[in-house]
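I opened this model to look up a handful of packing and backbone details. My entries follow in the order I took them.

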Amino acid sequence: MKNKIYKSLLLTLLVGASFSTTSCGTDYIEDVQNKGAFDTDNYFQNEQQSFSALVGVYDILRKYAGGFENTVTFVNAASDDFYAGGGSSTDGAGIQGFSNYSINSIIMPQSYWNNFYQGIARANLLVERIPNATMADNTRKRFVAEAKTLRALYYFELLRMFKNIPLILKTISATDDYYNIPQSDPNAVYAQIEADLLESIPNLPMTVDNQNKGRITQGAARAILGKIYLYNNKKDLAAAQFIEVNGTPGQTSQYGYHLIANYADLWKVDNKFTTESILEVMHTNKGNSDWPFWGQGNDEGNSICIMVGLRSYTLTNVPNNNAPDLVSGWAFNPVTEDLYNFMQNDPRLDATIFNAKKLVQEGKITYSGAYRDSGYFLNKFLPRTADKTNLPGPVELNFRQNYIAIRLADIYLMEAEALNGAGARAQALLDAVRARVGLASVPVSMQAIKDERRRELAGEGHRWFDLVRWGDAPSKLGARGFTAGKNEILPIPFNELTNTALVQNPGY
């Protein structure tokens, strides 16, 4: 029996409501017949319908921090900074397998493949259908530019996780031979997404107003393009894009970006869309997310929060107890001793790592140690009682902390890397990141940049990709079971392979 590997793409075509989690009234879709494919002939008639579809393309950004299979906790677990954690060694086969490098195609979570392809399918449909919509040409160009930028980002995520992937740039109907779509040369995928971004940038706004926070701007698209160039080892082109985003290090760029004064403020739940935020994924408790659709693309809370929380966390009755009031969580991503030791005497330590071991010793808290408990937890996303939802829906699924997918300090350090860690500008970029937290200048070098990225971005889902990009993963992760020539990419999920043209990645 054929296995429909592209069901994630077909889902968008089969179910009209999948365009968006916002309201999409039945007046938007007329005469839809259930014959195996979503009839788009009566859709994309106007700007309102087109915008609803565009929101659906944006929805996939929540893959970074939404659901049990969110990208951040998954890739954190595979790095040298965190363990998988959780209740036991079997709590989440995929995340455990990635953390100890026993991962295979059977336990590889399928969602990391099909969720991003669902976003690509939504973008493809919008790009094809929007030319016939009644709307202003400038608005149409902007919508297409946003969709193509997001499509490029989703392809980039697939490339750096799986490398060998199909390149699909058109909608797939139920009558198409989607079982036999082959994988493309990764260089061809890079070329396509780089071209799409270059085409899109001129049609995007420089900035957005408060009503449009979270939408793609020129600055965000340039940051994405620069990052893609860097991963594709086109450092000169990457640096050219990054300098447009960054401007003069430490000052306000042409897009209005500048580092905020207090590093710890980046993790305050109500401190959304700061001047440091380039691409920020919105999470809310207003969707009243509930268990039946948790992780199915319909939940809108930030799942990292509950996942990294301490189990059975309790404040004691000692006088003047100043320990934070936290919601008990599931104890994923405990911090390694290596990261804790590495960050000693760094001003970012307390904002990054919650030292439960110390508070227990002081008699201020108790908690239940879970799998691979180190006594240290990721403070940036800890679930605080003050941030509990006051609306219907389980507390665990409705934390409203946004996830910043790309921020200015990240781009500063990527530009310094693209400049090969040398020269006056690379020095200025490194200095600006350190000066924000009160650290003195150190001579710029690739090692200094690597060290700064580890401290600055700890727990934000970048470290594993950094180690692979630098070629440092075998030495840093060999003790975990990392095998060079294999574990730089992930296995394609088994159910995506059966009776298709897809070929499994080497070593799996």
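I count a contact when heavy atoms lie within 4.5 Å. The model is a predicted one.

**Entry: glycine 94 and helix 4**

I started with glycine 94, which sits in helix 4, residues 93-100. I set aside its neighbours within four places in sequence, and found it in contact with Phe74, Ile103, Ile107 and Pro109. Is glycine 94 buried or exposed? Its relative accessibility is 6%, so I noted it as buried. I also checked the separation from glycine 67: 27 residues in sequence, and 14 Å in space from C-alpha to C-alpha.

Then I took helix 4 as a whole. Six of its eight residues are buried, so the rest of the structure largely encloses helix 4. The buried ones are Gly94, Ile95, Gln96, Gly97, Phe98 and Ser99. What covers them? I found that the cover includes helix 3 (71-77) and helix 17 (463-470). After helix 4 comes tyrosine 101, with a positive phi near 60 degrees.

**Entry: other positive phi values**

Most residues other than glycine have a negative phi. I therefore noted two further exceptions, citing the value for each: phenylalanine 273 is near 55 degrees, and asparagine 345 is near 70 degrees.

Where are they? Phenylalanine 273 lies in the loop between helix 9 (235-246) and strand 1. Asparagine 345 lies in the loop between helix 11 (337-342) and helix 12 (349-352). I looked up accessibility for both. Phenylalanine 273 has 22% relative accessibility and counts as partly exposed. Asparagine 345 has 77% and counts as exposed.

**Entry: leucine 279, strand 1 and strand 6**

I moved on to leucine 279, in strand 1, residues 277-281. Leucine 279 is buried, because its relative accessible area is 2%, and the cut-off for buried is under 20%. Which residues does leucine 279 contact, leaving aside its neighbours within four places in sequence? I listed Leu61, Leu153, Ile216, Ile224, Tyr403, Ile404, Ala405 and Ile406. I also took the distance to threonine 217: the two are 62 residues apart in sequence, but 8.8 Å apart in space, C-alpha to C-alpha.

Tyr403, Ile404, Ala405 and Ile406 on that contact list sent me to strand 6, residues 403-407. How many of the five residues of strand 6 are buried? Five of the five are, so strand 6 is largely enclosed by the rest of the structure. Strand 1 and strand 6 run antiparallel and are joined by four bridges. In one of the pairs, valine 281 has tyrosine 403 of strand 6 as its bridge partner.

**Entry: strand 2 and strand 4**

I checked a second strand pair. Strand 2 (residues 311-315) and strand 4 run antiparallel, with three bridges between them. Arginine 311 has serine 368 in strand 4 as its bridge partner. Strand 4 covers residues 365-368. Its covered face holds Ile365 and Tyr367, and its uncovered face holds Thr366 and Ser368. I noted that Ser368, the bridge partner of arginine 311, is on the uncovered face.

**Entry: helix 6 with helix 7**

For packed helices I take the angle between the axes and the distance between the axes. For helix 6 (residues 137-162) and helix 7 (residues 186-200), the axes come within 9 Å and cross at roughly 155 degrees. That makes helix 6 roughly antiparallel to helix 7, since the cut-off is over 145. Their crossing is left-handed.

I listed the residues that meet. Helix 6 brings Ala145, Lys148, Thr149, Arg151, Ala152, Tyr155, Phe156 and Leu159. Helix 7 brings Pro186, Val189, Tyr190, Gln192, Ile193, Asp196, Leu197, Glu199 and Ser200. By class, this contact has 10 nonpolar, three polar and four charged residues.

**Entry: helix 8 with helix 14**

My last look-up was helix 8 (residues 218-231) against helix 14 (residues 408-418). The axes are 11 Å apart, at an angle of about 40 degrees. Helix 8 and helix 14 are therefore oblique to each other. The crossing of helix 8 and helix 14 is left-handed. Which residues meet there? From helix 8 I noted Ala223, Lys227 and Leu230, and from helix 14 Ile411, Met414, Glu417 and Ala418. By class, I recorded five nonpolar, no polar and two charged residues in the contact of helix 8 with helix 14.

Terms used. Residues numbered from 1 in each chain as written. Predicted model: local features only at pLDDT ≥ 70, side-chain atom pairs only at ≥ 80, totals over all residues. Heavy atoms only, no water. Axes fitted to C-alpha atoms, helices over the stretch in contact; angles between N-to-C directions. Helix = DSSP H or I, 4+ residues; strand = E, 2+ residues; numbered from the N terminus. Parallel < 35°, antiparallel > 145°, perpendicular 65-115°, else oblique. Left-handed = near helix turned anticlockwise from the far one by under 90°. Nonpolar A, V, L, I, M, F, W, Y, C, P; charged D, E, K, R; others polar. Buried < 20%, exposed > 50% of the residue type's maximum accessible area, 1.4 Å probe, protein only. Pairing = 2+ DSSP bridges.
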